[in-house]
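Please open the model in a viewer and keep the selection panel at hand. The tour below proceeds by selection, and each stop states what is to be found there.

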Amino acid sequence: MATEEWKFTTKDIAEKPDLFLSGHRACAGCGPATVLRMIMKATRGPTIVTEATGCMEVVSSIYPYTSWAVPWLHTAFETAAANASGIEAALKILKKKGKVKYEHVDVIALAGDGGTYDIGIQALSGAVERGHDFLFVLYDNEAYMNTGIQRSGGTPHGAATTTSPAGTVIPGKLEYKKPIAEIMVAHEMPYVATASPYYWRDMLTKVRKGLEVEGPAFLHVFAPCPRGWRSDPAKSIEYSKLAVETCVFPLWESINGQCQLSTPSKLIALAPQKKKLVTEYLKGQGRFSHMFKPQGRKLLEEVQRVTDERWQRLLSKCGMKQ
Amino acid sequence: MASLVKHEKNAMSGDEAVAYAAKQSDVDVVAAYPITPQTIIVEKFSEYVANGEVETEFVCVESEHSAMAACLSASVTGARAFTATASAGLALMHEMLFVTSGCRAPVVMAVVNRALSAPLNIHCDHSDSMAQRDSGWIQLYAENAQEAYDSIIQAFRIAEDLDVLLPVMVGLDGFTLSHTLENVETLPDDAVKKFVGTRRLPNVLTHEGKTVPFKLDPDNPMTMGPIALQNYYFEFKRQQEEAMKNALTVIQQVNDEFAELSGRKYGNGLVDAYCLDDAEIAAVCLGSTAGTMKTIVDELRQEGVKAGLLRLRTFRPLSVEEIRSALESVKAIAVMDKSMSFGGYGGAVFHEVRHALYEANAQPFVVNYIYGLGGRDTSPRELRGIYEDLQRILQTKRVENPIQYLGLRE
């Protein structure tokens, strides 16, 4: 793995032509659209993108228009990693046979939380086990937003969705968010990281690292969805910051199994008084509004407790104690 | 028939013959998942890879769904892709079969025909591929291991023809063909390589206004597999139907060209008519059953009975005109189905052959025999009984039971 330091300055990024173009049909304040535009700024040369069915696929490829300035393939919901396998295998053999002129082509697979945590996990696990050289980017907006806000394995505890509504008996989603990035670390793959678009330089650096690594890389990107979260479209990036500051979504990376906190989270670990309460993040999001009613207090406490426990576990994995 | 090249005679099972044909066809990517009775194909191919006998990336995927996704994506990256499956594996691919044909990816696949669960059964019938007949794939069915070998080679030519660009599945009967040793005459490597040729790509207009080869290429970015809504989807589907129509011609051309090379010919490529010129009674079937049926026709002919057989070598596209003209003189027809179309009044082949005969000059009697499900053995005596039934129908001029189950305990 290359160890050079990347210096993505605002100037560099502004000057690099967009590869995910404007004109797509994403909603105002769409976190994933911002994420895609930014991560495509971190590409380093010839790149092929394959994408699972989902919000970003739908908004970016309405025939006969496209937002993709790179070759792009969509086939189905559960196939992002399988597609990447096929593309990578084809490039490898065609290169060997002298039918591909490029020295190297990066392959990026994109999927939302449905296409990663749930329906796509088999293909993802298989592709990683086989060691294909590709970067899988999960843009996690924490529910099946494309089909109208149904709960996924990535939906957090307590969140109200259309299939986990906050009812009089059941207060939103009972289950916890699946620790997908840890599951990927358990595959003993060379590179796994989490990222948030507020910390854009950290995110772009991680995209580049994921591309540079030989073999599979996995990037879990936090991607607010104002429609699904019932939040202010102007605050998507603010929530991307709060999720990190409250340790709801800590930033870390695992390089060949060695886990380390990324700077924004490391600063919290070193100065625990900076760690904000989860309510700072939860309030203002309509999907959690029932938790702020008197009967929701217990749930709120539980979310804080589980967030703290997960944070502690992460700290010990990174060799830090609090 | 004369052959342009020297053949090598081998004892091969159908599965081995398929693997050998894929090996000779300069395949770039194989992505496959093992399933009985297809396993020998992936095992053999893995051996070729392990011994450096092929220049192929073998992707040992974790499911058939991913096998088809990987073949499709390799194909649109410009590679020649091949896979093989059976039964549940084909059913699991169902979604991706439509995506592959819709993306116009000329993937070739061997389907070792096997029953579908439940109850679980590993033996032959055609339930698996018949359930996929509307998936936009060309379907060829082999009569023997030799034809399985020859058809795989032909399939690459058919699939990759620029007027077609559709995926092709070649069916071979599970165990009956897949696991039975036969004499298979193989062609020399260079002859196959030359016949199959290099993968050609159509030129298409990109959204940037450039005319470029249809593949994922960083220099010429193209958006593939987009969402197309009410205003465009229909046109995509209509184009696939046009490609199927073109395939009717291309399959015949490839069959002829292959005959010149090898000396072997499978009817006109679409249908294989046996003793039909003056036949009064005839059966219509697919696959290995035709071998036994031909010997029965021979016996009946010696007895002076005007019997014949029509084997549908190509089931998709359905060659309506060829079926009609091949059966022109026949007065009573038995259509044989190795699968059920539950609640559909007879099997799929029956539906389609009757449909093809709707505009025939003379309306023949057409009856359906469902047989051999889950590998149930069908004896020559039972098959001969079909012709005897047809003779009775001709004598009495009436059909007592249009849909019958052969060899079933009832």
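## A sheet within chain B

Begin by selecting B:Ala273, which stands opposite B:Leu310 in β14(B). The model is a predicted one. Extend the selection to the two strands concerned: β12(B) and β14(B), the latter spanning residues 307-312, pair in the antiparallel sense over four bridges.

Now display the sheet to which these strands belong. It is an open sheet of six strands of chain B, in the order β12-β14-β13-β16-β17-β18, with mixed pairing. Its edge strands, each pairing on one side only, are β12 (271-274) and β18 (403-405) of chain B. From one strand to the next the twist averages 20°.

Next, add helix α9 of chain B, residues 289-302, which packs on this sheet. The helix touches β12, β13 (281-285), β14 and β16 (332-337) of chain B. The direction of α9(B) makes about 165° with that of β14(B).

## A helix pair in chain B

Select helix α6 of chain B (residues 145-160) and helix α7 of chain B (residues 189-196); their axes come within 8 Å and cross at roughly 35°. Which residues make the contact? On the side of α6(B) they are B:Tyr149, B:Ile153, B:Gln154, B:Phe156 and B:Arg157, and α7(B) supplies B:Val192, B:Phe195 and B:Val196. By class, six of the residues in this contact are nonpolar, one is polar and one is charged.

## A sheet shared by both chains

Turn to chain A and select A:Val49, whose bridge partner in β2(A) is A:Trp72. The strands β1(A) and β2(A) run parallel and are joined by three bridges.

Keep A:Trp72 selected and add B:Thr223 in β11(B), which A:Trp72 stands opposite. Here the pairing crosses from one chain to the other: β2(A) and strand β11 of chain B, residues 223-224, pair in the parallel sense over two bridges.

Now show the complete sheet. Nine strands form an open sheet in the order β8(A)-β7(A)-β5(A)-β6(A)-β4(A)-β3(A)-β1(A)-β2(A)-β11(B), and the pairing is mixed. The edge strands are β8 (258-261) of chain A and β11 of chain B, each of which pairs on one side only. In general, strands of a sheet pair through backbone hydrogen bonds, either parallel or antiparallel.

## The interface of chains A and B

Colour the two chains separately and select the residues at which they meet. The contact involves 44 residues of chain A and 43 residues of chain B. Together the chains bury about 3,400 Å² between them, of which 63% lies on carbon and sulfur atoms.

For the polar part of the interface, start with A:Lys97 and B:Asp28. These two form a salt bridge, with the closest N and O atoms 2.6 Å apart. How many salt bridges does the rule find across the interface of chain A and chain B? There are five. The rule also finds 17 residue pairs in polar contact across this interface, both residues of each pair being at pLDDT 80 or more.

Select next the elements that give two or more residues to the side of chain A that touches chain B: β1 (47-51), α3 (55-60), β2 (72-74), α4 (80-96) and α6 (121-130) of chain A. The largest share of that side comes from α4(A), with eleven residues. By class, the side of chain A that touches chain B has 25 nonpolar, twelve polar and seven charged residues.

## A salt bridge within chain A

A search of the whole structure finds 50 salt bridges over all chains. One to select is that between the side chains of A:Lys317 and A:Glu182, at 3.4 Å from N to O. Because A:Lys317 lies in helix α13 (residues 297-317) of chain A and A:Glu182 in helix α7 (residues 180-185) of chain A, the pair ties together parts that are 135 residues apart in sequence.

## Backbone details

Three backbone stops complete the tour.

- Select A:Tyr63 and A:Pro64: a cis peptide bond joins them, with omega about 5°. A:Pro64 lies in the loop between α3 and β2 of chain A.
- Select B:Ser117 and B:Ala118: they too are joined by a cis peptide bond, with omega about -10°. B:Ala118 lies in the loop between β5 (108-113) and α5 (127-130) of chain B.
- Select A:Glu188: although not a glycine, this residue has a positive phi of about 55°. A:Glu188 is found in the loop between α7 and β5 (191-195) of chain A.

Technical notes
Residues are numbered from 1 along each chain as its sequence is written. Chains are lettered from A and ligands numbered from 1 in the order in which they are written. This is a predicted model: local features need pLDDT of at least 70, side-chain atom pairs count only at pLDDT 80 or more; totals for chains, interfaces and linings use all residues. Side-chain values use heavy atoms; hydrogens and water are left out. Contact means heavy atoms within 4.5 Å. Buried area is the accessible area (1.4 Å probe) that two parts lose on being put together, summed over both. A salt bridge is a side-chain nitrogen of Lys or Arg within 4 Å of a carboxyl oxygen of Asp or Glu. A polar contact is a pair of N or O atoms within 3.5 Å; within protein, one must be able to donate a hydrogen and the other to accept it, and residues adjacent in sequence count only if both atoms are side-chain atoms. Ala, Val, Leu, Ile, Met, Phe, Trp, Tyr, Cys and Pro count as nonpolar, Asp, Glu, Lys and Arg as charged, and the others, Gly among them, as polar. Two strands pair if DSSP finds at least two bridges between them. Axes are lines fitted to C-alpha atoms, for helices over the stretch in contact, and angles run from 0 to 180 degrees between N-to-C directions.
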